[in-house]
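Welcome, and thank you for taking a look at this one with me. Below are some notes to read alongside the model, point by point.

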Amino acid sequence: MIELIEKIEGEAKLDFSFKDELIDYVKIEFLTARGIEKILQNRPALDALVINPRVCGICGHAHLIATTKALENCYDSIEISQKAQITRELTLNFELIQNHFKWFYLVMTPFFGMPQDPKKAVYASSLMAKAIAILAGQYPHNSYSIVGGVTSSFTNGDLIKVTHLIDECLLFFKQNLVDVDFEEFWICDSIEHIFEKQGDLVDILLKIIYHNLTDMGKSYDRFIAFGENSYFKRGKSKKTVVSEKLKIEHVQEEFISDSYAKNVYYKNKSYEVGPLARAMINKIPLIKDSHRKYGDSIFSRILARVCETAQLLHHSKQLINIIDIREPNYIKPKIDIKNLSGNGIAYVEAARGSLIHGVELQNGIIKDYSIITPTQWNLGCGSRENMGIAQNAMVGLKNTQEAKMVFKSFDVCSVCTTH
Amino acid sequence: MKTKILWLSGISCYGNVHSFLTYPHIDIFLNDFEFIYHPILDSTYTLLEITQNTKECDILLLDGAVADDFQRADKNIKSIIHRYSKTVKKIITVGTCATFGGIFQYASYKNPAGLHFLGENLQDEFLHLRAKTISISGCPIQPEILINTLYSIKQHFDIPLDSYLRPKEYFAYTIHNGCVRNEYFEYKVDNHRFGELEGCLYYDHGCQAPYTSGSCNKILWNEVNSKTRSGSPCFGCTESTFPKTNLFETKKNMGVPQYLPLGVPKRAYLSIAGVTKAFKIDRLNKKMM
Amino acid sequence: MPQKRLTKKEQIMNAALELFALKGFYTTTIPDIANSLKMSVGNMYNYFKSKDILAKEIIKYISVYLGEKLKEINEQDISTKEKTKKIVIMYFDIAKSRPEMIDYFLRVYLSNREVFKDGCEGMACVSEFVTEIMIFFEEGVQKGELKDQDFFSAFGLFMGYLGGMVFLNGEKILPNKLDFYVEDIADNIYNALKK
């Protein structure tokens, strides 16, 4: 039984097989691909900074940062000021946050009997879009991060405004999602504590418990994250066992028939990426408690994404405090990229999980470009014997409506998946 | 009575959708307009319903490029457009891909193009729809331009258009109008470096603002800023030529920029440049702070 | 060809040019110029308030004159190589027919910068001429016929070369007439600048 899933930055087709009235296998097909990797071939290196954000309208900034880093990694050595690095991390945080707000209020709430709330979604996400614009010129689709640093030169006044926008977001979080003081939330290690509070997140979590859905959406309990920065750690986690070593050689893409998406495996296994994965690898106390009780179900997945929103907001404020405004924004690379030949790989944590970019340059021209997106990890379409993360998560569900909720709890981006 | 609008995506990145969602008064907008379909917001119909049948609709918004073999919900996008175009009062091409082909004219499909233009060239297939089309180019669009245009249509305002069907109210300006780096442009101070408050990006760093149409430095982005104000060059994303190559560099022929400010004759530009180059304005050659 | 009717200002400037070439810039006085035109000095001052102002107006006048001739060549639909030759011919023709103009440029404008420093900073007073040279170079590069390089490197080569030849001619050092050298000079310039 084939269902078209829409409003996921595009569409996908889910082909359900039932056995004994329960879902026993779902084939996932992504239907369109634009071929951005081909569009990049033979273009000058820096043009990728303009083309790649157009992989996606909601996570294009992650693609910009990944592109910048991949190009910089083509150099044997290149100096980027700490100020530029922090700025890039800030604007990327803001993109993750705006994404999560939209996902919660536009995608998830309708599954729990609460109507979609465009006003809340737009209010909160546009505060973050504004914060990005102050540092990067505009959102969506800026190219302010370039090889060597950033093009902008914000002032202390700009940072004050950005801080206020973050504060407004934190206030929104408290007034709408979970009415808890942030300091309390930050160190909280018990979800029972959250149940005592008010808020839209709490309502959803309680509904999951009340309707006995706490087993829904469980998959392999395997998590991975590649993008390391001042907040996220690189590593993988099998249940709660975290290991930090990851090697790019073990990452492999695989073509699948009937879909424009490619599967991706680490050492031949599927791994979940995204906020739950990041929280497990970071060992966030609240998520560990949720995982202890409810495993890698939708409960933990939803909680982790909302929790990450607050934590990134808080962490961003701390990052702003350590910026030394006097540092240079941009340091001209000693070798002009137009004369550079080499390879570079970069990893960033985008809203939905790890994003990997790889580039090969020859005399400053892009010979080859490769992108692996987070949705490829989560929504891989494997065979019955070797199912992907989301496929596995949908097995055992009673109907397609439940499956859709589990599917969308992964926060799907169709355009990214196929790019 | 809400005006019924259909947001139909062709070969797109959804950048226009998310730019639209930065508009702060969306809830007010949704009091006046009903999306019979939208890629994220709740809509009257599902994608299947909107593509299988032709639902009642006042304005068709086409976002993304179109191609012979591109489908939405298994229906050829051009056939969907043909069907709706018969009954809608207006068609708006949202973004540069839908208007000129943009980045996705290079996508892996058969003959991707904008609705009426591929680059500069007028396309035949939808020629009969030109009279009811308004183009809002941009990669992405500024949400105010789309929303204001929708209200102008709803309220039957006169909307003068340029030769690419873009509303002159927004596209008669150049991106250069309102840039805070204007003095460096005016006095031809060409020592810009990335990451600095000072300097004009037109001379060396590829800024296309002086010959690109749009209101980025008038309406501002996200109500606060713009690329050029913050130090990035304008990449000319509202024009038929987007994307060019070597976007961070200014093509010059023996020191003269290849592309001159819109409508300014070469001799005029060079004479003015020659005069201003003779003088060195100390204030503009120093750091501001 | 009948001379275009000159304005009074132009008559004064032409008379001044001839006297500067004959007697030198500093030894020529306003009364000298007035006398040569049978004008009163008071009347002269109506047109040019001082010799310095006259000096600046003259250089602008020459720039416009040369600029217009260059523009005629620039606007022709011929190759850059042919334009180069036409520019050389035009320049040498002026050296022959209006030697006082080239003389003024070399001996007065270039050699007495203090006269021109206020109001003729940099290339402000030769902008019509310089603009046409810029257009000649810019179009040559755009058409792929000339090498893209710094404007001043190319400008120095072209103008320095021509100015030098005219100077030598003025000093009566050249064994042949200027016309004799046109082909080789045009070739040398084009070969140095071409892509």
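1. A word on terms before we start: helices here are DSSP runs of H or I with at least four residues, numbered from the N terminus. With that in hand, find helix 15 of chain A and look just after it, where Asp411(A) takes a positive phi of about 60 degrees. Please keep in mind throughout that this is a predicted model.

2. Let us stay with helix 15 of chain A, which spans residues 400-409. Is this helix mostly covered or mostly open? Eight of its 10 residues are buried, so "mostly covered" is the fair description, given that buried means under 20% relative accessible area. The buried residues are Thr400(A), Glu402(A), Ala403(A), Met405(A), Val406(A), Phe407(A), Lys408(A) and Ser409(A). You will notice that charged side chains are on that list too, Glu402(A) and Lys408(A) being counted as charged.

3. What do those buried residues pack against? Three strands of chain A take part: strand 1 (2-5), strand 2 (12-19) and strand 3 (22-29). Helix 4, helix 12 (298-321) and helix 14 (389-394) of chain A complete the surroundings. At the start of helix 15, a side-chain oxygen of Asn399(A) comes to within 3.2 Å of the backbone nitrogen of Gln401(A).

4. Now for the meeting of chain A and chain B. Here 57 residues of chain A are in contact with 61 residues of chain B. The size of an interface is often given as the accessible area lost when the parts come together. For chain A and chain B that area is about 4900 Å², with carbon and sulfur atoms giving 59% of it. Lys7(A), Arg34(A) and Arg54(A) are worth picking out on your screen: they supply 13% of the area that chain A buries against chain B, more than any other three residues.

5. How many salt bridges are counted between chain A and chain B? The count is five. A good one to display is the salt bridge of Glu11(A) with Arg72(B), where the closest N and O atoms are 2.7 Å apart. Polar contacts between chain A and chain B come to 31 residue pairs, both residues being at pLDDT 80 or more.

6. Which elements of chain A give two or more residues to the side that touches chain B? They are helix 1 (36-40), helix 2 (48-51), helix 4 (82-108) and helix 5 (118-136) of chain A. Helix 5 gives the most, with 10 residues. By class, this side of chain A has 26 nonpolar, 17 polar and 14 charged residues. Helix 4 of chain A thus has a place in two of our points, since the buried residues of helix 15 also pack against helix 4.

7. Chain B also meets chain C, and this interface deserves a look of its own. In it, 12 residues of chain B are in contact with 22 residues of chain C. The two chains bury about 1500 Å² between them, 63% of it on carbon and sulfur atoms. Four salt bridges are counted between chain B and chain C. In one of them the side chains of Glu139(C) and Lys266(B) meet at 3.2 Å, N to O. There are also four residue pairs in polar contact across this interface, with both residues at pLDDT 80 or more.

8. On the side of chain B that touches chain C, strand 10 (252-253) and helix 11 (266-277) of chain B each give two or more residues. The largest share, four residues, comes from helix 11. The residues on this side divide into five nonpolar, four polar and three charged.

9. Two cis peptide bonds are worth checking as you go. The bond from Tyr139(A) to Pro140(A) is cis, with omega near 0 degrees, and Pro140(A) lies in the loop between helix 5 and strand 4 (145-146) of chain A. In chain B, a cis peptide bond joins Cys139(B) and Pro140(B), with omega about 5 degrees. Pro140(B) sits in the loop between strand 9 (133-136) and helix 6 (143-154) of chain B.

10. Finally, two more residues with positive phi. Asn363(A) has a phi of about 50 degrees although it is not a glycine, and its loop runs between strand 12 (353-362) and strand 13 (365-372) of chain A. Is Asn363(A) buried or exposed? Asn363(A) counts as exposed because its relative accessibility is 52%. Lys172(C), also not a glycine, has phi near 60 degrees and is found in the loop between helix 9 (151-170) and helix 10 (182-193) of chain C. Lys172(C) is exposed as well, with a relative accessible area of 72%.

How values were computed:
Residues numbered from 1 in each chain as written. Chains lettered and ligands numbered in written order. Predicted model: local features only at pLDDT ≥ 70, side-chain atom pairs only at ≥ 80, totals over all residues. Heavy atoms only, no water. Contact = heavy atoms within 4.5 Å. Buried area = accessible area lost by both parts, 1.4 Å probe. Polar contact = N/O pair within 3.5 Å; in protein donor to acceptor, adjacent residues only side chain to side chain. Buried < 20%, exposed > 50% of the residue type's maximum accessible area, 1.4 Å probe, protein only.
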